[in-house]
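Thanks for making time this morning. I would like to walk you through one model slowly, and please have the sequence and the structure open while I talk.

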Amino acid sequence: MSITATYDHMHRRVVARAEGPVTLEQIRDHLEDERQEPGLAFSELIDARAAVMELAPADIRVLVAWLRWLGERTKLGPTAVVVDTDFQFGIARMVEMMVEDVCQVKPFRSESDARRWLAW
């Protein structure tokens with residue numbers, strides 16, 4: 001499937017939903033859509049519970065490089081990623097640790113915890 005997003009410019013929020021197989025290319029497209037919107041500085045809730053991550057270790061390094069590149073050029077808002085598998089949680093946690101100096105990405109098991117962290 002894909003990653004779909006809804007932008008709330010008034011509250012500076014993005015709600016995204018990832019479904020089915022998710023590839024590095026789809027994540028890149030999502031980030032590019034956010035950049036064009038513009039919504040990169042908005043706080044974001046990504047519901048990835050229906051997603052199947054198809055990312056190799058090299059893909060994680062590329063994703064981190066993209067986030068670092070974007071973070072050096074513009075403000076990136078905090079991103080909460082809601083997941084329901086240990087694998088998804090591990091990937092999101094790894095990304096969190098690798099980009100913590102340029103942006104906030106944090107995995108959660110529940111949407112309510114994610115919303116609380118985002119102060120929604």
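I will begin inside the protein, then turn to the surface, the salt bridges and a few points about the backbone. Please keep in mind throughout that this is a predicted model.

Let us start with the interior. How many cavities of 30 Å³ or more does the structure hold? There is one, and its volume comes to about 490 Å³. Of the 28 residues that line this cavity, the ones closest to its centre are I27, I46, L63, T79 and V81, so if you want to find the place on your screen, I suggest selecting those. The elements that give two or more residues to the lining are the strands β2 (13-22), β3 (43-53) and β4 (79-82), together with the helices α1 (24-36), α2 (57-73) and α3 (86-99). As for the character of the lining, 22 of its residues are nonpolar, four are polar and two are charged.

Now let us move to the surface. Three methionines, M94, M97 and M98, form a nonpolar patch there, and together they have about 250 Å² of accessible area. M97 lies in helix α3, and M94 is found in that helix as well. Are these two side by side with the buried residues, or are they open to the outside? M97 counts as partly exposed because its relative accessible area is 44%, and M94 is also partly exposed, with a value of 35%. While we are at M94, notice that V105 is eleven residues away from M94 in sequence, and that their C-alpha atoms are 9.6 Å apart in space.

Next come the charged side chains. The structure holds 14 salt bridges, and I will pick out a few of them. R28 pairs with D29, and their closest N and O atoms are 2.5 Å apart; R28 is partly exposed at 30% relative accessibility, and D29 is partly exposed at 32%. In another pair, the side chains of R17 and E19 meet with an N to O distance of 3.1 Å. Here R17 has a relative accessibility of 34%, so it counts as partly exposed, and E19, at 26%, is partly exposed too.

Which residue does R49 meet in a salt bridge? The partner is E111, with the closest N and O atoms 3.1 Å apart. This pair links distant parts of the chain, since R49 sits in strand β3 and E111 in helix α4 (residues 111-118), 62 residues apart. R49 is partly exposed at 31% relative accessibility, and E111 is partly exposed at 25%. Through shared partners, salt bridges join R17, E19, D47, R49, E111 and R115 into one network.

Finally, the backbone. As background, most residues other than glycine have a negative phi, and most peptide bonds are trans. With that in mind, look at the bond from E37 to P38, which is cis, with omega near -10 degrees; P38 lies in the loop between α1 and β3. R12, which is not a glycine, has a positive phi of about 55 degrees, and its place is in the loop between β1 (3-8) and β2. A119 also has a positive phi, near 60 degrees, and is found in the segment after α4. At 64% relative accessibility A119 counts as exposed, whereas R12, at 44%, counts as partly exposed.

Key
Residues numbered from 1 in each chain as written. Predicted model: local features only at pLDDT ≥ 70, side-chain atom pairs only at ≥ 80, totals over all residues. Heavy atoms only, no water. 1 Å grid on protein atoms, 1.4 Å probe; cavity = no way out; pocket = protein on both sides within 12 Å on 5 of 7 lines; lining within 4 Å. Points joined across faces, edges and corners; volume = space filled by probe spheres on them. Helix = DSSP H or I, 4+ residues; strand = E, 2+ residues; numbered from the N terminus. Nonpolar A, V, L, I, M, F, W, Y, C, P; charged D, E, K, R; others polar. Patch = residues over 30% accessible without salt bridge, like charges linked within 9 Å, V, L, I, M, F, W, Y side chains within 5 Å. Areas by Shrake-Rupley, 256 points an atom, 1.4 Å probe, with all protein chains shown as cover. Salt bridge = Lys/Arg side-chain N within 4 Å of Asp/Glu carboxyl O. Buried < 20%, exposed > 50% of the residue type's maximum accessible area, 1.4 Å probe, protein only.
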